[in-house]
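Here's a walk through one protein chain, starting from a single loop residue and working inwards. Have the structure open as you read.

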Amino acid sequence: QKDDSQRLLEGFTSDDKGHSLTRSKAESYTSKEEMVSEEDESPLNSNITAFALKAKVIYPINQKFRPLADGSSNPSLHESPKQAALPNQVMETSPSGSLGSLSQGDKEDCSSSTTIHSSASDDRFQARTFLKVTCFPEVLTCESFDVKLCLYSLLLKDLMLLDTELRREKHVIFIQVLKMYLTDFYHKKQITDDLFKKILLTQENDFEELQKQLDSRIQNTEMSGARNSEYQTLEDLERKEREYSEHIIDNMEAFWKQADKAQQFLLDQSKCSSAKASKIPMDLTERMIAVEGLLSESQDLRAMDIQERLFNWELMVKAVDSLKSYIPEECKCRLNTVSNILDHLTVKNNLSVRQKEELLTDLHKAFWEQLAHFSNECAQQSKDLILKQLEYRAKKREEFKHRQKAEQGSLLSKTFQTKEFHDFLKAYQELLERHRQIWWDLEDDDDWESAEAVTDLYKDLHSKASHTLAELVKELFLQTLPAVTGLSVRECELLKEEWQENLVPQLEKLDTYHQRRWKLFQEQLLLEKELWLKEYALSAVIQKHLSETQEKMIQGVVSRVGGLSDESVNYILQKHKLLLCSVLRRVTLRSLGMATLTHMRMSRKKGLLQELREQHVLQKSSSHCHDEDQWQLLKAVESHILEEEEKLEEETQQTHLEFHQQLVNEVQEALHFLQQHMEQVIGQTLLQHARQGAAEKNSDDETDLKERLVETAVESVYGTHNNINRLVQNYYQQLGKITESYEGKKLQQLKSLQ
């Protein structure tokens, strides 16, 4: 009679409804003789053929055991989105599946598919929903398949928050610079106290309105396409990131216009000399360049911190997930050892096959039902724990924001003169950095505490599971077996001791297996870090290229204009540098966001390939001796892994190019706004230069006129009042024509330049 007891061990589910411990995966089962012979192999995926089947490897034509012999002609990883179970396969509880459900509706197709390269699966992945999280502790309650996407979405969220903080910081500093100039004007009695307050309030309201417009547009983007506020798709996320970037570029241009408007308003109210009036824009531009430099430095450092935090998150999640997967794996190992002992009793005819199957069925049913109950309790406790910690974090956040606002308000309320600008900038920057670091450390501490708390819950679950199984096995050996087999209690106690002895090496192998998996995960994390370093290097190259290109361009424009003073040329160059700094900062942040989206797109395929690579390495090292057929299978798997790596690299490059083209388009749009703004700046500079030249000429001509009039009046006997008036009128008419012609030529040069 064929023995199907192994099927009970490999594919048992607790009831018809199923529970959160099971996930479907095809794997071949073996007979009693095969099972006994495989005790020395890896505790998981011990059958090489089953592993190769999962990889969909083409089997050698002379292979004695061919799982694809049912006529299936679909051995490639790049074709079938899902392979049906073959006649010699059963559905098995996934050893690598977490204790959370992996089969919710439309998510099943993506999470359970072994397809790596398939356009259909790509489309499903783009449209697949995953949980919308706001902070890391929420990720600890996510499905394992969603974790990577959730972590990357948090990275994007942190980059967006960083961008918002730095933009508001720049607005505040600009207002403070205006306040310094107005304070100087007030002290010199150039403006009244009421006018001082009115101007400052007007500028603050204008910039606040600018921020409100941006917030409104971002809010509309968040709401659009949101079918479910709790979930999001990768497609929606890419669209939101693209629209957000467009809003930021528009806001950047609006800020430039508002800043120039404020600068002109400041000059109109100053009532100072022309020399002083020309010096104020130059000083203001140089100071804002210094601000941009500090913002850029802060952005680069904080972006790297955000990236490093992502790796820490992945380590914490992996630690929790490893513990989740270890529990059912260890329990399977214990049950497997029980099954082996019952097999020996069957061989000795102490048990019939039917009796053995009934005993295993009862044992499995009792244990898995109890474990499912404990698992559900643990999952609920985890969610409750996270909710409490999030509430506590929100409370701390409010208290911190209140204290932060008070400290910033205290600094901003102080009166600084223009000569004290750098002292103010240093103090304000240090204050903001200190606040950021304090909150950053608080968040990191909360993240670690959350991960440790959830880990403790699953350690407790592991303890409960082990204790429950030990009690059930004790009942089986000391109560059930004596009644069914007729063996004495002492003999059954010896069987129980044998079970415990046989279990020790199996658990050691399981521990070794998990240690290998953890080491492979760490190696993969190091490779990802190297990829991110390349992303930073690429971003630096793009910045350098844009900076050099734009510098050459503006130098060429200024050299072609001609006729400008050195001060005017320097102002144009500095103004261009200021605007370009804003564009480059935006490009840097956007390139990091696009790199993140690239990783998100490829995360499913990278995950499947990494799983395949891990299993291949572990299977290869699980046994020191393989027969020829097994070596052929391992080599075939290795060959397919190399093919998959090449195709994955090619697809990653294509995705990079796609996002890079988006970045190029956005950069072109930003540079177009920069060019338009610089045209206005250069035009205004030319116009001001023309007016100054005309004013100087008028002043010289008036002096000459007075001298000629005196000479004429003395020398001419006809120097009557009417004659002198006529002479003066003719002179001013000629002077007006000359001035009009001069300004016309200058305006014509301006039009040609534009």
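Asparagine 349 sits out in the open: its relative accessible area is 66%, so it counts as exposed (over 50%; buried is under 20%, partly exposed in between, with a 1.4 Å probe and protein chains only). You'll find asparagine 349 in the loop between H10 and H11. Its phi is positive, about 65°, although asparagine 349 is not a glycine. For background, most residues other than glycine have a negative phi.

A word on the ground rules: this is a predicted model, where local features need pLDDT of at least 70 and side-chain atom pairs count only at pLDDT 80 or more, while totals for chains, interfaces and linings use all residues. Residues are numbered from 1 along each chain as its sequence is written, and side-chain values use heavy atoms, with hydrogens and water left out.

Now the overall picture. The protein chain has 16 helices and four strands, taken as DSSP runs (H or I of at least four residues for helices, E of at least two for strands) and numbered from the N terminus. Of its 754 residues, 50% are buried. Taking contacts (heavy atoms within 4.5 Å) with a separation of 6 or more, 83% are between residues 24 or more positions apart.

What about the inside? The largest nonpolar core holds 144 residues; such a core is a set of buried Ala, Val, Leu, Ile, Met, Phe, Trp, Tyr and Cys residues joined through side-chain atoms within 4.5 Å. Phe136, Val139, Phe174, Leu481 and Met600 touch the most other members. Helix H10 (residues 274-347) gives the most to this core, with 25 residues. Another core, of six residues, lies apart from it and includes Leu609, Val637, Ile641 and Leu648.

Valine 139 is worth a look: leaving aside neighbours within four places in sequence, valine 139 contacts Val133, Val147, Cys150, Leu151, Leu154 and Val317.

Cys150 brings us to the cysteines. There are zero disulfides in the structure (the cut-off is a pair of cysteine sulfur atoms within 2.5 Å). For cysteine 150, the nearest cysteine sulfur is that of cysteine 142, 3.8 Å away.

Which residues of the interior can be compared by accessibility? Here are three that count as buried, with their values.

| Residue | Relative accessible area |
|---|---|
| Cysteine 150 | 0% |
| Cysteine 378 | 3% |
| Serine 382 | 3% |

Serine 382 is part of helix H11 (residues 353-412). Neighbours within four places aside, serine 382 is in contact with Thr141, Val454, Leu457 and Tyr458.

Finally, the helix packing around H12. The axes of helix H7 (residues 147-187) and helix H12 (residues 421-485) come within 12 Å and cross at roughly 155°; axes are lines fitted to C-alpha atoms over the stretch in contact, with angles from 0 to 180 degrees between N-to-C directions. That makes H7 roughly antiparallel to H12 (over 145 degrees). H7 passes H12 in a right-handed crossing (the near helix is turned clockwise from the far one by less than a right angle). On the H7 side the contact includes Glu165, Leu166, Glu169 and Met180, and on the H12 side Phe421, Phe424, Tyr428 and Arg436.

H12 also packs against helix H13 (residues 489-561), the axes coming within 9 Å and crossing at roughly 150°. H12 and H13 are therefore roughly antiparallel to each other, and their crossing is right-handed. Among the contacting residues are Phe477, Leu481 and Pro482 of H12, and Cys492, Lys496 and Trp499 of H13.

Note on methods. Parallel < 35°, antiparallel > 145°, perpendicular 65-115°, else oblique.
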